Amino acid sequence: MPDTAAGRPPRGVIAVAGEALVDIVPVTAQREAQADRASTQQYWELAPGGSPANVAVGLSRLDVPARMLARLADDLLGRKLRDHLADNGVDLSHSVEADEPSSLAIVELAADGQASYDFRIAGTADWQWTDDELAGALDDGPAGPVVAVHSGSLALTTAPGHEALRELLASAVDTATVSYDPNFRPLLMGTPEEILPGVHELLGVADVVKVSEEDLGWLHPGREPGDVVGEWLELGPAVVVVTLGANGVLAGTSSGLHLVLSGRTVEVVDTVGAGDSFSAALLAGLHRRGLLGATARDDLYRIDRPTLEAVLTEAVAASALTCSRHGANPPTRAELDAAV
């Protein structure tokens, strides 16, 4: 996986804005029962999560400087989240120590490992953003300027803080690439008709969009993903990518490229965090190739087929690796290099 074509190591930070919450994940364990017979028992495990936080960890593990803009509660779970992010090398200097409690996501796993979610978020830390708390969040730091800002999921749809985060993305356009993953949570977001205007608003400021086939099926039932990609590209993004689960990925660009890549065959443990690992690897691939930042926007909008295919191949591999192990556990750069 080469760095920039000119041989210059890419510089710059990717800031990720949104929720860092605790996943309550079912785990099935084998234990010895009487008469030497094995039995299974299911228990629950508390694990760091939240789509934006998973992306930040994924970026850092892929050797990309990552800054997490999160409101982290000053409670036991919040301190565990802070430790998890810091231990993975994520910059927390612009995160907020919040008085509200940590949010919880309850994960249910189907027989094929597919994850679905329920949430406990009322009055919790993640959704209380104010403009003052985000002041200076995109300033330059020791690792260089912020060259991209990523957000999505609940943070951009949950009041009262969603407006402050949307304004942050809009303000970032002049200096940074904007990345958006809708990552819909229908239980909390209202109806597709209610959500669609906000999606279109964010597509108007985003340069890079990643969305799952499942998300599109909820937002645009009965529509073909390829048709939606074309429609979304007309609203402004340079690249729109649709993940198709085991079937791979399809993508389109504003310059007219259309790509379809096959998925990877893996033994799925669960799909928790797989889409977030894809997003992290997608952004990391663009970062390594010098395609992030406002000064690189023209190059991003002219991305060629070999470059896009290479970046998507890395992202598919990262997602597959995450599916092959328990929970939101994105790969390191060395693991991804070995898998591509």
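The largest pocket of this predicted model has a volume of about 1100 Å³. Its lining is made up of 48 residues, and those nearest the centre of the pocket are Gln114, Glu214, Thr271, Ala274 and Gly275. Both strands and helices contribute: the elements that give two or more residues to this lining are β2 (21–32), α1 (51–61), β8 (115–120), α5 (186–189), β11 (208–212), α7 (213–219), α9 and α11. By class, the lining of the largest pocket holds 21 nonpolar, 16 polar and 11 charged residues.

Enclosed space comes next. The model has one cavity of 30 Å³ or more, and about 40 Å³ of space lies in it. The lining of the largest cavity consists of Ser153, Leu156, Thr157, Tyr180, Pro182, Phe184, Met189, Ile195, Val199 and Leu202. Helix α6 (residues 192–203) provides the largest share of this lining, with three residues. Eight of the lining residues are nonpolar and two are polar, while none is charged.

Two residues of the cavity lining reappear around serine 151, a residue of strand β9 (residues 146–152). Leu156 and Tyr180 both line the largest cavity, and both are touched by serine 151. Further contacts of serine 151, leaving aside residues up to four places away in sequence, are Ala17, Leu169, Ser179 and Asp181. Serine 151 counts as buried because its relative accessible area is 1%, which falls under the 20% limit.

What, then, can be said of the nonpolar interior? In soluble globular proteins, nonpolar side chains tend to be buried together. Here, the largest nonpolar core has 49 residues, and Leu59, Met68, Leu85 and Leu312 have the most contacts inside it. Of these, leucine 312 touches Val241, Ala251, Leu259, Leu261, Phe278 and Leu282, again not counting residues up to four places away in sequence. Another core, of 43 residues, lies apart from the largest one and includes Ala164, Leu168, Ala176 and Val209.

Charged side chains pair up as well, and the count comes to 13 salt bridges. One of them joins glutamate 314 and arginine 289, with an N to O distance of 2.7 Å. This pair links distant parts of the chain, 25 residues apart: glutamate 314 belongs to helix α11 (residues 305–323), and arginine 289 to the loop between α9 (274–288) and α10 (297–301). Both partners are buried, glutamate 314 at 2% relative accessibility and arginine 289 at 14%.

A salt bridge is also formed by arginine 325 and glutamate 335, whose closest N and O atoms are 3.2 Å apart. Arginine 325 sits in the loop between α11 and α12 (333–339) and glutamate 335 in helix α12, so this pair ties together parts that are 10 residues apart in sequence. Glutamate 335 has a relative accessible area of 33% and is partly exposed. Elsewhere, Arg71, Glu100 and Glu133 are joined into one network by salt bridges that share partners.

Arginine 223 and glutamate 231 provide a further example, their side chains meeting in a salt bridge at 3.2 Å, N to O. Arginine 223 is partly exposed at 35% relative accessibility, and glutamate 231 is partly exposed too, at 30%.

Several backbone details deserve a look. A cis peptide bond, with omega about 0 degrees, joins alanine 159 and proline 160; proline 160 is part of the loop between β9 and α4 (162–172). Positive phi values are found at two residues that are not glycine: aspartate 63, at about 65 degrees, and asparagine 183, at about 45 degrees. Each of them lies in a loop, aspartate 63 between α1 and β4 (66–69) and asparagine 183 between β10 (177–181) and α5.

Are these two residues buried or exposed? Aspartate 63 counts as exposed because its relative accessibility is 55%, over the 50% limit. Asparagine 183, in contrast, is buried, with a relative accessible area of 10%.

How values were computed
Residues are numbered from 1 along each chain as its sequence is written. This is a predicted model: local features need pLDDT of at least 70, side-chain atom pairs count only at pLDDT 80 or more; totals for chains, interfaces and linings use all residues. Side-chain values use heavy atoms; hydrogens and water are left out. A salt bridge is a side-chain nitrogen of Lys or Arg within 4 Å of a carboxyl oxygen of Asp or Glu. Buried means under 20% relative accessible area, exposed over 50%, partly exposed in between (1.4 Å probe, protein chains only). Helices (H or I, at least four residues) and strands (E, at least two) are DSSP runs, numbered from the N terminus. A nonpolar core is a set of buried Ala, Val, Leu, Ile, Met, Phe, Trp, Tyr and Cys residues joined through side-chain atoms within 4.5 Å. Contact means heavy atoms within 4.5 Å. On a 1 Å grid over the protein atoms alone, a cavity is a set of points where a 1.4 Å probe fits but cannot get out, and a pocket is an open set with protein on both sides within 12 Å along at least five of seven lines; lining residues have an atom within 4 Å of a point. Grid points are joined across faces, edges and corners, and a volume is the space filled by probe spheres set on the points. Ala, Val, Leu, Ile, Met, Phe, Trp, Tyr, Cys and Pro count as nonpolar, Asp, Glu, Lys and Arg as charged, and the others, Gly among them, as polar.
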